[in-house]
Amino acid sequence: MKKLMMIAAMMVATLSASAQEVEVGQFYLKPMVGATMTTLTKVDNSKMKVGLLGGAEVGVKVAEPFDVTAGLLFMMQGTKGKDSEYTKNASTTLTYLNVPIMANVYVLPGLALKAGIQPGFLLTSKTKWSDNESGKWVDYDTTSKDHLNKFDLSIPMGISYEFSNFIIDARYNLGLTKVPKDGDSSKNSVIMLTVGYKIPF
């Protein structure tokens, strides 16, 4: 146990020692992973659905308190809840390739407020439900993607904290475009929490 603690302490010390301050005009890469909590607005009995996300952002320090970033994030979105009187539970998983373009303003050392715009592209759609009688989950026809808009636009806003080049980032993505092509006007609503590491280059 003591050996493990010593190894962990040495790793933290090494990372801290290798942490580099990004200078004005310098670029950096930030690989990131995390989780999403998502739902669709204006859907009856809709509940938060938990998913995963991963990707990376590239940033540049424009001025001392100001960064600009652009990224590619693979994200699981969607919703879950009771579908109808015939269905006990339903779950819809939508996977997107999102491109967040963010402005980051550092209000305190390491603490940044951020906002921007995020185009997204629908990759897959899958819906399943459990029967009221048996409770068994059944997959729905994956052609349901044909009834959804392939393009999504949202406004991401949030806060992040950086220490030793590690960045903890919390955002809310406010959907602007309809998810279905026809019918209701439901939109994506996404909370995301990520951990990333800044690599200057």
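Ring pairs link Y161, F163, F166 and Y197 into a cluster. That is a good place to start looking around this model, which is predicted.

The strands help to place these residues. Strand 9 covers residues 151-163, and 10 bridges join strand 9 to strand 10 (residues 166-178), with the two running antiparallel. Across this pairing, E162 stands opposite I167 in strand 10. The hairpin of strand 9 and strand 10 has 2 residues between the strands, and there S164 takes a positive phi near 50°. On we go to strand 11 (residues 187-197), which pairs with strand 10 in the antiparallel sense over 10 bridges. Here two members of the ring cluster meet again: F166 has Y197 in strand 11 as its bridge partner.

How many aromatic pairs does the structure hold? There are 5 aromatic pairs. One to visit is F121 with F151: the ring centres are 5.7 Å apart and the planes stand at 65°, so this pair is edge-to-face. F121 belongs to strand 7 (residues 111-131) and F151 to strand 9, so the pair ties together parts that are 30 residues apart in sequence. Are these two rings' residues buried, exposed or partly exposed? F121 counts as partly exposed at 39% relative accessibility, and F151 counts as partly exposed at 40%.

Finally, here are lysines that lie over the face of a tyrosine ring.

| Lysine | Ring below | Distance from the ring centre |
|---|---|---|
| K61 | Y106 | 5.2 Å |
| K198 | Y28 | 4.4 Å |

Methods:
Residues numbered from 1 in each chain as written. Predicted model: local features only at pLDDT ≥ 70, side-chain atom pairs only at ≥ 80, totals over all residues. Heavy atoms only, no water. Phe/Tyr/Trp six-rings, centres within 6.5 Å; stacked < 30°, edge-to-face > 60°. Helix = DSSP H or I, 4+ residues; strand = E, 2+ residues; numbered from the N terminus. Buried < 20%, exposed > 50% of the residue type's maximum accessible area, 1.4 Å probe, protein only. Lys NZ or Arg CZ within 6 Å of the ring centre and 35° of its normal. Pairing = 2+ DSSP bridges.
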